[in-house]
Amino acid sequence: SDSMGEAMDHDMEGHMDHDEEPNLTDSTGENELEIPAALGSESDKEDEVAYTVRAQKGETEIFDGTKTKTLGYNGDFLGPVLRFNKGDKVKIKTINDLDEETTFHWHGLEVPGEADGGPHESLKPGEEKVIEFEVTQEASTLWFHPHPDGETAEQVYNGLAGLIYIEDNNSEDLGLPDKYGENDIPLIFQDKTFDDEKQLNYSAAMNEDGTVGDTSLINGTLNPKLTVNQEKVRLRLLNGSNARNYTFKLNTGDSFEQIATDGGMLNEPEKLNEITLTPSERAEIVIDFSQLDAEDELALINDEDGSTLLPFEVSDQKGEDSDLPDKMNDFSITDEEKNLPVAKKVELYGMMDKVTINGKKFDPDRIDFTQEQGDTEVWEIYNKPDEMGGMVHPFHIHGAQYKVLSRDGEEPPKNEQGWKDTISVEPDETVKVAVQFKEKGVYMFHCHNLEHEDNGMMGQVKVE
Ligand code: C2O
Ligand code: CU
């Protein structure tokens, strides 16, 4: 309105842009989904894996006949899957072959601070660094991406993201679909804007409140479809977008089973009709195709805008005949944990480039919190509404998998009763989580809307 100042007009415009984010185009299903390669270990010793991970520039034929400039790990776009078993000793040689600084952050891994790849672990162009750690956490689907101070969003947007799979004795004994690329499928959901030359032009597409695009890519594939056999198929969903939220649903409204959260298996499969993932959240779901055939036009849709993300094509091949186990894990929240006092308060506030945590912007030279290694503390996260009402913030803590104690004082939904490293917090909502760090170091906590993160919605906890 007339009475509003310039700055306010600008803020409102940006904020409204976000509310009116473009719908995603429907997948035509003309391309078979790309499955990222699994990276081979360079060590032949048992219980030891050695990988080389190189951040590099590339060109990718996303649109037929056109090369789009992209970034990737060990390739042109996105990255390979790094596989670990619980107990493995891991050595990763990280190499920066970009023209700019980057870091290698292992999202969800419980590693010592110096191996975590936060903004303090920056590598200059041409530099390399070997990191070592031991895998002490349970089976889960994690991911890796860069984390340079203020430049994370653009590097992820341009293609730097890959998956990490951890397996353990439990996950291997459950009889879950586990044929990689056949009935165990990774799905990295991202949205991009392409310019007239079919290039990713981050500065043109950038929105301070979260960059959203109109073009959906899954594993980097435009217009994907997934061909499946007549069997149960496990999908490992990662919301790898900068800022878009997805509500995954089947076009028929049929149910599926969620079997895992960000950091581990649920205790039992949870039957759902839809699941919302904010940026960087993961979920593993199982869809039963055993009674379907080529006539069935099943597709995964995004219920936020009704777009078709991934049509399925059911082949005439009978696959494995398997039942999901009733019991998959023994995750629990103890009474002691439930009764702990709040030790840390986190207030998320603001929009556009004015976002803050506890009224402050990120300062690499400031430690915001300290916590003792091995101690469990309750963090209370509050999303304080702004004059526009506010927006959901996905809150992530490095170096730990945590337990959700409550949402606005209520028990969290069943499918959040498992290990989490990122949790959506709605405007005016308070979420309490129990956090324990196994290792020492300085870890980031931040909003995983990557533009908010780059705009300073981030703090540091020192674990000693
Ligand atoms: Cu997915 Cu600070 O990270
Ligand atoms: Cu945010």
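**Exercise 1. Find the residue that stands opposite Asn31 in this predicted model, then place the pair in its sheet.**

*Solution.* Start at Asn31 and look across: the partner is Pro224, which belongs to strand E13. Next, check how the two strands run. E1 and E13 (residues 224–230) are parallel, and two bridges join them. Now zoom out to the whole sheet. It's an open one with six strands, ordered E1-E13-E21-E20-E15-E18, and the pairing is mixed. Last step: pick out the edges. Those are E1 (31–32) and E18 (274–277), each of which pairs on one side only.

**Exercise 2. Work out how the chain is divided, and compare that with the UniProt record.**

*Solution.* Take the domain assignment as your starting point: domain 1 covers 33–169, domain 2 covers 184–318 and domain 3 covers 335–463. Then turn to UniProt, where an unreviewed entry puts the feature "domain: Plastocyanin-like" at residues 56–170, 191–291 and 340–464. Now look inside two of those annotated spans. Residues 191–291 come out as 4% helix and 51% strand, with 32 Å between the end C-alpha atoms. For residues 340–464 you get 4% helix and 45% strand, and the end C-alpha atoms are 20 Å apart.

**Exercise 3. Describe the contact between domain 1 and domain 2, and say which element supplies the largest share of the domain 1 side.**

*Solution.* First, the spacing: the C-alpha centres of these two domains are 22 Å apart. Second, count the residues in contact, taking C-beta atoms within 7 Å as the cut-off. That gives 28 residues of domain 1 against 27 of domain 2. Third, ask which elements of domain 1 do the touching. Strand E3 (68–73), strand E8 (140–145) and helix H2 (152–157) each bring at least two residues to that side. H2 gives the largest share, with four residues. Finally, sort the domain 1 side by chemistry: 15 residues are nonpolar, nine are polar and four are charged.

**Exercise 4. Decide how the compactness of the chain compares with that of a globular protein of its length.**

*Solution.* Begin with the inventory, six helices and 31 strands. The radius of gyration is 21 Å, and the globule rule gives 23 Å for 464 residues; the two are close, so the chain is as compact as a globular protein of that length. For the outline, the C-alpha trace spans about 60 × 55 × 50 Å along its principal axes. Then check the inside: 48% of the 464 residues count as buried. To finish, look at contacts with a separation of 6 or more: 78% of them link residues 24 or more positions apart.

Technical notes:
Residues numbered from 1 in each chain as written. Chains lettered and ligands numbered in written order. Predicted model: local features only at pLDDT ≥ 70, side-chain atom pairs only at ≥ 80, totals over all residues. UniProt positions renumbered as here; feature names shortened; annotations may be inferred. Pairing = 2+ DSSP bridges. Domains from an automatic or database assignment. Contact = placed C-beta atoms within 7 Å. Nonpolar A, V, L, I, M, F, W, Y, C, P; charged D, E, K, R; others polar. Rg over C-alpha atoms; globule rule 2.2 N^0.38 Å. Buried ≥ 20, exposed ≤ 12 C-beta atoms within 10 Å, placed from the backbone.
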